[in-house]
Amino acid sequence: MFKVFLVDDEIVVREGIRTNFPWEQTEFVLAGEAPDGEIALNMLQDVKPDILITDIRMPFMDGLELCRQVSRSMPWVHTVILSGYDDFSYAREAISLNVKEYLLKPVSSRDLLDVLQRIARQIREEQRHQADLSAYRQQAASTSRFQMEKLLVELYGGANDERILKSARTLQVNLLANRYLVMLLGFRKEEENETALLPVQTVLEQLTEGSGGTVQLCRGWGGFVFLVLGDSAQDLEERAYGLAQAVQYEVERNLNLTILIAIGDDVAVLKEVPKSLFSAQVILERLRGEAARDGAHRIMSTQDYSSTDLSGLSVERMDSFDLTDQLRCASAEEVGSILSAYERTAGESASQSIIMIHYFFVEAVKAASKVIQENGGVPQEVIPSAFRVENQQLSPENAMALCRGILEQAIRFRDRNGSARYRSVIHQAQDYIARHYADPNITLRDVASHVALSNNHFCTVFSQEMGITFTEYLTAQRVAKARELLASTDLRTSEISDAVGYNDPHYFSYQFKKQVGVSPRDYRKGQRNEGAGK
């Protein structure tokens with residue numbers, strides 16, 4: 001099935017396409033609709049349709065601006081312009097935005113079906129030729145592309161950042177940005193082979209080319225490495241999660257592979273990019289370990305994860321050693337190796353220095369306390385021995401054992417409570433939706449802002465934690481309330497539609513029947529017949 005999304009500010013047009021087009025008899029499904037481009041853009045990030053049908057002239061955000069936004073963030077979407085104005089300038093600009101079809105109102109079901117079928121054939125053709133195209137693109141890769149990949153590998157290995165910037169400029173690539181992060185794409189162990197990598201690379205190169213220079217790609221570290229450039233931490237997070245969702249959708253849709261995406265820490269300067277790569281490696285290893293579990297997350301960042309296996313990774317590769325950061329991602333079994341690495345950063349004689357021993361202990365307590373607090377705990381309750389140890393005599397023989405015990409307790413507490421943050425986010429989002437579902441203008445952006453996450457980050461967290469998209473959840477809540485009102489009140493269908501957030505009664509009836517299987521009128525009749533029979 002191909003998902004279609006409709007955008008038009010005229011209710012009568014949306015209703016006509018929704019009710020008159022034979023959706024049930026075709027391979028197309030109407031996945032959603034919106035009255036203007038601004039509302040649509042938020043919904044499109046959630047629904048991820050294959051085909052977008054949009055009017056040109058609309059309030060707030062017109063169809064051409066919507067096309068620009070969609071072409072940047074969702075390049076796989078095929079767009080159909082629908083307009084009542086036979087104006088060549090609109091058609092010309094639409095063509096420049098890679099719009100596939102241009103239809104004039106009023107549109108018959110026959111004309112629309114012809115257009116959708118043509119686009120469906122294009123999508124199938126793209127999917128059929130994906131593998132062949134990947135091989136061709138590999139052979140046709142330019143020398144400059146090869147040099148850029150080589151330069152990125154040097155950057156990740158810790159090469160001098162000034163030399164990297166100079167070499168990038170020679171290749172006409174700008175690597176200057178306010179923030180950076182590394183994103184790793186890998187596979188489950190059983191799918192990790194060269195045959196899988198070739199077609200995936202074609203998809204990733206297409207997405208990278210459409211980024212406007214904000215994403216650079218190379219192969220390595222058991223998969224693919226993205227360098228994401230941003231103007232701020234918030235901008236970087238939005239770009240990273242948006243790219244991750246686009247990559248997951250494109251690869252899994254076209255190639256039937258399960259991919260794992262690890263988003264590393266964001267850093268402020270180019271020379272710290274290896275730290276971001278390291279943190280992404282840590283997350284990817286844990287994702288690979290959990291990939292076989294049903295419902296396991298496949299897009300994660302260091303903000304999201306609470307327990308990560310550090311085996312096989314060198315902590316000393318990081319320019320500075322942040323014990324708290326290590327605890328956020330370590331397993332209890334890795335505490336010993338982390339402490340040993342931490343001790344080595346201070347020099348060979350540190351373990352015999354009473355001053356350094358006390359310093360290590362204080363830093364261990366501070367790091368453990370911070371991890372416990374981040375996961376909703378009280379350090380004095382979780383690690384009480386850490387706050388009584390001042391009465392003990394620290395020595396080279398017992399100091400590291402005490403540190404290890406305290407850190408292991410903190411990690412075990414983190415593992416028991418590590419998902420609390422996102423449980424809280426989901427509960428906040430559910431509460432917000434419960435209080436605002438009747439507002440027809442509520443959007444994913446509103447809820448994301450309420451829980452203090454970017455749109456794409458919230459979209460990813462919500463769908464992974466809940467198992468359904470934000471739009472599906474909002475629709476289910478509205479329909480559930482409508483069922484309650486139909487069964488317990490004498491309100492008219494139009495009044496119930498308004499009460500649950502639909503300003504178009506016909507669209508409400510369409511969604512209700514789609515969810516429940518019967519129209520609102522038939523549902524009410526069935527409820528009353530059932531009640532009369534008791």
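This is a chat about salt bridges, a sheet and some packed helices in a predicted model.

Colleague: How many salt bridges does the structure hold?

Modeller: The predicted model has 19 salt bridges.

Colleague: Pick one. What does K105 meet in a salt bridge?

Modeller: One partner is E10, at 3.0 Å from N to O. The two sit in distant parts of the chain, 95 residues apart. K105 is in the loop between strand 5 (101-104) and helix 5 (109-128). E10 is in the loop between strand 1 (2-7) and helix 1 (11-20).

Colleague: Is E10 buried or exposed?

Modeller: Partly exposed, because its relative accessible area is 35%, and buried means under 20% while exposed means over 50%.

Colleague: And which salt bridge joins K105 to strand 3?

Modeller: That one is with D55, at 3.3 Å from N to O. D55 belongs to strand 3 (residues 51-55) and K105 to the loop between strand 5 and helix 5, so the pair ties together parts 50 residues apart in sequence. D55 is buried, with a relative accessible area of 3%.

Colleague: What about E484, what does it pair with?

Modeller: K481, with the closest N and O atoms 3.2 Å apart. Both are in helix 20 (residues 470-488), three residues apart, so about one helical turn separates E484 and K481. E484 is partly exposed at 43% relative accessibility. K481 is partly exposed too, at 25%.

Colleague: Which residues do shared partners join into one network?

Modeller: D8, E10, D55 and K105, through salt bridges that share partners.

Colleague: Switching to strands. What order do the five strands of the open sheet take?

Modeller: The order is 2-1-3-4-5, with parallel pairing. Strand 2 (28-34) and strand 5 are at the edges with a single partner strand each, so one side of each has no neighbour in the sheet. On average, neighbouring strands are turned by 20 degrees against each other, direction ignored.

Colleague: How many bridges join strand 1 to strand 2?

Modeller: Six, and the two strands run parallel. In that pairing, K3 stands opposite V29 of strand 2.

Colleague: Which strands does helix 5 touch?

Modeller: Strand 1, strand 2, strand 3, strand 4 and strand 5. Helix 5 makes about 165 degrees with the direction of strand 4. Helix 3 (residues 63-73) lies across strand 1, strand 3 and strand 4 (78-83). Helix 3 runs at about 155 degrees to strand 3.

Colleague: New topic. How many residues of strand 9 are buried?

Modeller: Five of the five, so strand 9 (residues 259-263) is largely enclosed by the rest of the structure. I259, I261 and I263 point one way, and L260 and A262 point the other way.

Colleague: Which strands do bridges join to strand 9?

Modeller: Strand 6 (residues 179-187) runs antiparallel to strand 9, with five bridges. G186 stands opposite L260 there. Strand 10 (residues 299-301) runs parallel to strand 9, with three bridges. I261 has I299 as its bridge partner in strand 10.

Colleague: Last one. At what angle do helix 10 and helix 19 pack?

Modeller: About 45 degrees, with the axes 7 Å apart. Helix 10 (residues 233-255) and helix 19 (residues 455-466) are therefore oblique to each other.

Colleague: Which residues make that contact?

Modeller: From helix 10, E237, E238, Y241, G242 and Q245. From helix 19, N455, N456, H457, C459 and T460. By class, the contact has two nonpolar, six polar and two charged residues.

Technical notes: Residues are numbered from 1 along each chain as its sequence is written. This is a predicted model: local features need pLDDT of at least 70, side-chain atom pairs count only at pLDDT 80 or more; totals for chains, interfaces and linings use all residues. Side-chain values use heavy atoms; hydrogens and water are left out. A salt bridge is a side-chain nitrogen of Lys or Arg within 4 Å of a carboxyl oxygen of Asp or Glu. Helices (H or I, at least four residues) and strands (E, at least two) are DSSP runs, numbered from the N terminus. Buried means under 20% relative accessible area, exposed over 50%, partly exposed in between (1.4 Å probe, protein chains only). Axes are lines fitted to C-alpha atoms, for helices over the stretch in contact, and angles run from 0 to 180 degrees between N-to-C directions. Angles under 35 degrees count as roughly parallel, over 145 as roughly antiparallel, 65 to 115 as roughly perpendicular and the rest as oblique. Contact means heavy atoms within 4.5 Å. Ala, Val, Leu, Ile, Met, Phe, Trp, Tyr, Cys and Pro count as nonpolar, Asp, Glu, Lys and Arg as charged, and the others, Gly among them, as polar. Two strands pair if DSSP finds at least two bridges between them.
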